[in-house]
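Colleague: Please take a close look at a single part of this model, and set it in the context of the chain around it. I should like a connected account, with the criteria behind each term.

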Amino acid sequence: MDREIAPEVRRRSFARRTVVIVVTLAIAVLAFGRGVEWLRPSIERGSVTTARVERGAVDATLQATGTIVPAFEQAVASPVEARVLRIVRRAGDRVQPGDELITLDTTTSRLELDRNREKIAQKQNETAQLRLRHEETLAGLRASIEQKKLDVDIYRYQAEQNRRLREAGLVSEQSYLAADTMSKKSSIELAQLGEALVRAQRTADAQLAAAAMELRMLTRDQEESGRQLQLAAMRAERTGVVTSIIQEEGTVVRRGDVIARVADLSSFRVLATISDLHASRVTRGMRVRVRLEDRTELPGTIAGIEPRIENGTVKFYVDLDESSPKLRNNLRVDVFVVSGRRDGVLRLRRGALGQREREDVFVVDGDHATRRTVRYGFTGDDYVEIAHGLNAGDEVIISNMSSHEGVKKLKIKE
């Protein structure tokens, strides 16, 4: 026969079951909480960069790429067609004004100079002979004119004598008319000789002027040949460094070919290129910031813009306000053209932001970061203007958060 369980035993058994159930439920709740916490998106505070919204100036910039080039560079071009006999200097050599760079074979140029001298001597001889012939011609005409003047006087005197004798009835009318006709004929011949003298003088002047002009042209050709022969010595015109030079002796160079470059590496400028989409916004005189690899920035001004657009880019030159020992020839740099400026506006360090006019950012609030949509104004290389969506003092994650696309809230772990 079964015996009834004592009340104390039943109470202890109930208490044990109750404790087990409570402990099980607590473990389940704790595990669920841990699971939810584990599933919630989070980031490590040390893995992101943040910045606070503040008031200040924002420069709107257009980004370009640039190359450091010498501010002054001499392009040494061959003045004649010649063959390279000897290369005196090499790339990297320092030179002084007057130092020879390359020796050219100038035999052809010297022969041309000698031919010009011979042509000048021949033309001078021809001009002298032409002048003698004209002088003889003019002298002959002047002598004929003087002789004809005497004939005119004689015939005029004879005509006057015959007129008086005819009036006295001593000579016939026919004799008087013959003498008068000879007088008039002599006067006409004298006038013709005078006109011939004028024409001969004009002809002589024109021919001598033409000969003198041709002689001057030959002289200028000779001077130019001599100047080109002097330039063929291929010498440096200023102190600098040879940046490039022809490599092989025996090479035939044509007139105008650049065979060497000498640069003054004590001062530099920047040759920059920018997309032709910004061509209308880039003008001479605009301020520029040139950034080196170590983030050093040098201010400058756009000094000139090339009118041609090549391969979708525009080239322009930047004169730097100051030099730097960090500048090197052909060094690549970033160029930021300042197209506008606003002072006293809300701004935020750019970081990975500012890719679009409107975008979502994460604003830090304690140990959480909440997504918020913001709109930008001016966008510079260092700062962006906050037009809407943020307030001064807000802490914003400026790192690239594209991996958390669609997440509205993040937990920040220490």
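Modeller: A residue is called buried under 20% relative accessible area, exposed over 50% and partly exposed in between, for a 1.4 Å probe and protein chains only. On that scale, buried residues make up 34% of the 414 residues in the chain. This is a predicted model, in which local features need pLDDT of at least 70 and side-chain atom pairs count only at pLDDT 80 or more, while totals for chains, interfaces and linings use all residues. Residues are numbered from 1 along each chain as its sequence is written, and side-chain values use heavy atoms, with hydrogens and water left out.

The chain has three helices and 18 strands; these are DSSP runs numbered from the N terminus, H or I of at least four residues for a helix and E of at least two for a strand. The mean pLDDT, the predictor's confidence in each residue on a scale from 0 to 100, is 81 for the chain, and 87% of the residues reach 70 or more. Confidence is lowest in helix 1 (residues 7-39), with a mean of 62, and highest in strand 12 (residues 313-320), with 93. Over residues 35-39 the pLDDT falls below 50, and beyond near neighbours in sequence this stretch has one contact in the model. A contact means heavy atoms within 4.5 Å. Of the contacts in the chain between residues at least 6 apart in sequence, 76% join residues at least 24 apart.

The part I have chosen is strand 10 (287-291). Four of its five residues are buried, so strand 10 is largely enclosed by the rest of the structure. Two strands count as paired if DSSP finds at least two bridges between them. Strand 10 is joined to strand 11 by five bridges, and the two run antiparallel; within this pairing, Val-290 has Leu-298 of strand 11 as its bridge partner. The hairpin of these two strands has five residues between them, and there Arg-295 takes a positive phi near 75 degrees. Strand 10 is also joined to strand 13, by four bridges and again antiparallel, with Arg-291 bridged to Asp-334 of strand 13.

Strand 10 also contributes to the interior. A nonpolar core is a set of buried Ala, Val, Leu, Ile, Met, Phe, Trp, Tyr and Cys residues joined through side-chain atoms within 4.5 Å. The largest has 22 residues, and Val-270, Phe-316 and Val-335 are those with the most contacts inside it. At least two residues of this core come from each of strand 3 (54-77), strand 9 (258-275), strand 10, strand 11 (297-310), strand 12 and strand 13 (332-349). Leaving aside neighbours within four places in sequence, Val-270 is in contact with ten residues' worth of surroundings that include Val-290, Phe-316 and Val-335, as well as Gly-66, Ile-68 and Leu-320. Apart from this core lies another, of 18 residues, including Val-76, Leu-101, Leu-104 and Ala-236.

The loops that flank strand 12 come next. Asn-311, in the loop between strand 11 and strand 12, has a positive phi of about 55 degrees although it is not a glycine. Asn-330, in the loop between strand 12 and strand 13, likewise has a positive phi, near 70 degrees. Both side positions are open to the probe: Asn-311 is exposed at a relative accessible area of 81%, and Asn-330 is exposed at 53%.

Further along the chain, Val-384 lies in strand 16 (residues 383-388) and counts as buried, at 0% relative accessibility. Not counting residues up to four places away in sequence, Val-384 touches several residues, among them Val-58, Leu-346, Arg-347, Arg-350 and Phe-378. Val-384 and Arg-350 are 34 residues apart in sequence, with their C-alpha atoms 5.7 Å apart in space. Two arginines lie over rings here, a charge being placed over a ring if NZ of Lys or CZ of Arg is within 6 Å of the ring centre and within 35 degrees of the ring normal. Arg-347 has its charged end over the ring of Tyr-383, 3.9 Å from the centre, and Arg-342 lies over the face of Phe-378, 4.0 Å from the ring centre.
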